[in-house]
Amino acid sequence: QLQLVESGGGLVQAGGSLRLSCAASERTFGNYIMGWFRQAPGKAREFVADVSWSDGTTRYADSVKGRFTISRDNAKNTIYLQMNTLKPEDTAVYYCNGHFAAVSPGLGSWGQGTQVTVSS
């Protein structure tokens, strides 16, 4: 099972920025998707953004479009989530996820999560 390690969470004021990183323990091949989910207290885990490891295609949740940018560094087996213009409603634990495109994210690998707190 692929190991994923997140970093970069923290406390920031509304309007500020943070960058999350997720390093994979090994290189993956094929149609592999890596991305980010988040879970706020009392809410279900929700999709944030993902990127195709093979061709770089990206997808975003409507709530973060125009504010968040996901990117990948193939040489480092790492993805990033640049979060700008943060809002209090972005407060959540952010989880890195990796899965083959043919299966659902829930059946893939998950990181331990990193807390992002946005103060108003």
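**Exercise 1. Place Thr28 in the fold and describe its surroundings.**

Solution. Once neighbours within four places in sequence are set aside, Thr28 is in contact with Leu2 and Trp53. This comes from a predicted model, and the exercises below rest on that model as well. The next step is to locate the residue along the chain: Thr28 belongs to the loop between β3 and β4. Its relative accessibility is 14%, and because buried means under 20%, Thr28 counts as buried. Finally, sequence distance can be set beside spatial distance: Thr28 and Phe100 stand 72 residues apart in sequence, while their C-alpha atoms are 9.4 Å apart in space.

**Exercise 2. Find which residues of the loop between β7 and β8 and of the loop between β8 and β9 have a positive phi without being glycine, and state whether each is buried or partly exposed.**

Solution. Start with Asn77, which is not a glycine and yet has a positive phi of about 50°. Asn77 sits in the loop between β7 and β8, and it counts as buried because its relative accessibility is 14%. Not counting residues up to four places away in sequence, Asn77 touches Cys22, Ala23, Ala24, Glu26, Arg27 and Trp53. Then take Thr85, also not a glycine, for which phi is positive at about 50°. Thr85 is found in the loop between β8 and β9, and its 46% relative accessibility is why it counts as partly exposed.

**Exercise 3. Identify the disulfide and describe its geometry and its place in the chain.**

Solution. The count comes to one disulfide. The partners are Cys22 and Cys96, whose sulfur atoms lie 2.0 Å from each other. The link between these two cysteines is left-handed, with -80° about the S-S bond. It ties together distant parts of the chain, since Cys22 is in strand β3 (residues 18–24) and Cys96 in strand β9, 74 residues apart. As to accessibility, Cys22 and Cys96 are both buried.

**Exercise 4. Describe the largest nonpolar core, naming the residues that touch the most other members and the elements that contribute to it.**

Solution. The largest nonpolar core has 27 residues, and those touching the most other members are Met34, Trp36, Ile79, Leu81, Met83 and Tyr94. Two or more residues of this core are given by each of β3, β4 (32–39), β5 (46–52), β7 (68–73), β8 (78–83), β9 and β11 (114–119). The largest share, four residues, comes from β3. To see the surroundings of one such residue, consider Tyr94: leaving aside neighbours within four places in sequence, its contacts include Trp36, Leu81 and Met83, and also Glu6, Arg38 and Thr114. As general background, nonpolar side chains tend to be buried together in soluble globular proteins.

**Exercise 5. Trace the salt bridges of Asp90 and compare the accessibility of Asp90 with that of Asp62.**

Solution. A search of the whole structure gives five salt bridges. In one of them, the side chains of Asp90 and Arg38 meet at 2.9 Å, N to O. This pair joins distant parts of the chain, with Asp90 in the loop between β8 and β9 and Arg38 in strand β4, 52 residues apart. Asp90 counts as buried because its relative accessibility is 1%, and Arg38 is likewise buried because its relative accessible area is 6%.

Asp90 also forms a salt bridge with Arg67, at 2.8 Å, N to O. Here again distant parts of the chain are linked, Arg67 lying in the loop between β6 (58–60) and β7, 23 residues from Asp90. Arg67 is buried, as is Asp90. Through shared partners, salt bridges join Arg38, Glu46, Arg67 and Asp90 into one network.

For the comparison, turn to Asp62, whose side chain meets that of Lys65 in a salt bridge of 3.2 Å, N to O. Asp62 has a relative accessible area of 65% and is therefore exposed, whereas Asp90, at 1%, is buried.

**Exercise 6. Which residues form a nonpolar patch on the surface, and where is Leu107 found?**

Solution. The patch is formed by Phe100, Val103 and Leu107, which together have about 300 Å² of accessible area. Leu107 is located in the loop between β9 (92–100) and β10 (109–110). With a relative accessibility of 66%, Leu107 therefore counts as exposed.

Key:
Residues numbered from 1 in each chain as written. Predicted model: local features only at pLDDT ≥ 70, side-chain atom pairs only at ≥ 80, totals over all residues. Heavy atoms only, no water. Patch = residues over 30% accessible without salt bridge, like charges linked within 9 Å, V, L, I, M, F, W, Y side chains within 5 Å. Areas by Shrake-Rupley, 256 points an atom, 1.4 Å probe, with all protein chains shown as cover. Salt bridge = Lys/Arg side-chain N within 4 Å of Asp/Glu carboxyl O. Buried < 20%, exposed > 50% of the residue type's maximum accessible area, 1.4 Å probe, protein only. Disulfide = S-S within 2.5 Å. Core = buried A, V, L, I, M, F, W, Y, C linked by side-chain atoms within 4.5 Å. Contact = heavy atoms within 4.5 Å.
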